[in-house]
Amino acid sequence: MLLVFGEHLSRNSLLPALAPRVDGSSNAFSVGAFSVLQKIDQKLCRALGCLNRPVSDFAAWKITLAVMSPENGLEGLKNASNPSMMQVEIQNRLAIAVLPPHLEIMLTDAEESEIQSIQLTPKEWLPVALQEKHPEYLRIGIPSGDLIEAELPISLPQNTAGYRVRALYP
């Protein structure tokens with residue numbers, strides 16, 4: 001009984017720490033055990049009440065795609081602002097909902113020195129249609145396994161030769 005009550009008191013830190021990955025990298029036993037733990041946790045929450053705090057875990061996120069393409073093809077090379085479109089796909093790999101992270105796009109030159117760093121809040125990078133359909137995402141998190149596809153307009157400096165994308169929580 002003491003073990004069950006201890007789990008209930010520490011559930012907001014325990015559940016994220018024990019949550020397996022849903023991308024196939026966790027073994028079947030841990031996925032099954034976590035499923036049982038979640039069912040017990042839900043029953044305890046119904047009986048005792050719970051305070052659900054949103055989880056912020058940058059390790060939950062997997063960037064599955066990050067592609068930069070010029071908006072106007074060769075015409076972009078003539079334009080001083082060099083408008084481009086960044087396509088990003090990011091997935092919540094944890095077996096629980098996780099708050100959406102900020103995205104950081106680091107633009108680099110040919111020597112891989114950072115030229116510019118662009119930080120986008122979830123409200124800036126999450127697609128508007130998704131935010132309208134699921135306004136709770138910004139408050140309670142992205143459900144387990146969800147893959148989000150976003151297209152972000154970016155003006156590139158003329159000497160941009162590369163980029164890196166990462167998820168972060170400030």
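1. In what follows, a contact means heavy atoms within 4.5 Å. By that criterion, and leaving aside residues up to four places away in sequence, isoleucine 105 touches Met86, Gln116, Ser117, Ile118, Leu120, Leu152, Ile154, Arg164 and Val165. The model from which these contacts are taken is a predicted one, and the points below should be read with that in mind.

2. On confidence, the average pLDDT of the protein chain is 83, and 85% of the residues score at least 70. The stretch that calls for caution is residues 74-78, where the pLDDT is below 50 and where the model shows three contacts beyond near neighbours in sequence. Where pLDDT is low, the predicted coordinates should not be read in detail.

3. As to overall architecture, the protein chain contains seven helices and six strands, which follow one another along the sequence in the pattern α-α-α-β-α-β-β-β-α-α-α-β-β. Of the contacts with a separation of 6 or more, 73% are between residues 24 or more positions apart. Buried residues make up 35% of the 170 residues, while the accessible surface comes to about 10,100 Å², with 57% of it belonging to carbon and sulfur atoms.

4. The sheet that deserves a closer look is an open one of three strands, in the order β1-β2-β5, with antiparallel pairing. Its edges are formed by β1 and β5, each of which has a single partner strand, so that one side of each is left without a neighbour in the sheet. On average, and with direction ignored, neighbouring strands of this sheet are turned by 20° against each other.

5. The pairing within this sheet can be followed residue by residue. Nine bridges join β1 to β2; among the pairs, alanine 66 has valine 88 of β2 as its bridge partner, and tryptophan 61 is partnered by asparagine 92, also in β2. On the other side of the pairing scheme, β2 and β5 run antiparallel and are joined by nine bridges, with methionine 86 standing opposite leucine 152 in β5. Eight of the ten residues of β2 are buried, and this strand is therefore largely enclosed by the rest of the structure.

6. The largest nonpolar core has 31 residues, and those with the most contacts inside it are Met86, Ile105, Trp125 and Leu152. At least two residues of this core come from each of α3 (28-48), β1 (61-70), β2 (83-92), β3 (102-108), β4 (114-120), β5 and β6, and β5 gives the most, with four residues. Two of the core residues named here, Met86 and Leu152, are also among the residues that isoleucine 105 touches. In soluble globular proteins, nonpolar side chains tend to be buried together.

7. Two loop residues merit a separate check. Glutamate 112, in the loop between β3 and β4, has a positive phi of about 65° although it is not a glycine. Most residues other than glycine have a negative phi. Glutamate 112 counts as exposed because its relative accessible area is 58%, the cut-off for that class being over 50%.

8. The second is glutamine 158, in the loop between β5 (147-155) and β6 (162-168), which counts as partly exposed because its relative accessibility is 47%. The C-alpha atom of glutamine 158 is separated by 6.9 Å from that of asparagine 82, although the two residues are 76 residues apart along the chain.

Key: Residues are numbered from 1 along each chain as its sequence is written. This is a predicted model: local features need pLDDT of at least 70, side-chain atom pairs count only at pLDDT 80 or more; totals for chains, interfaces and linings use all residues. Side-chain values use heavy atoms; hydrogens and water are left out. Buried means under 20% relative accessible area, exposed over 50%, partly exposed in between (1.4 Å probe, protein chains only). Accessible areas come from the Shrake-Rupley method with a 1.4 Å probe; for residues, only the protein chains shown count as cover. A nonpolar core is a set of buried Ala, Val, Leu, Ile, Met, Phe, Trp, Tyr and Cys residues joined through side-chain atoms within 4.5 Å. pLDDT is the predictor's confidence in each residue, from 0 to 100. Two strands pair if DSSP finds at least two bridges between them. Axes are lines fitted to C-alpha atoms, for helices over the stretch in contact, and angles run from 0 to 180 degrees between N-to-C directions.
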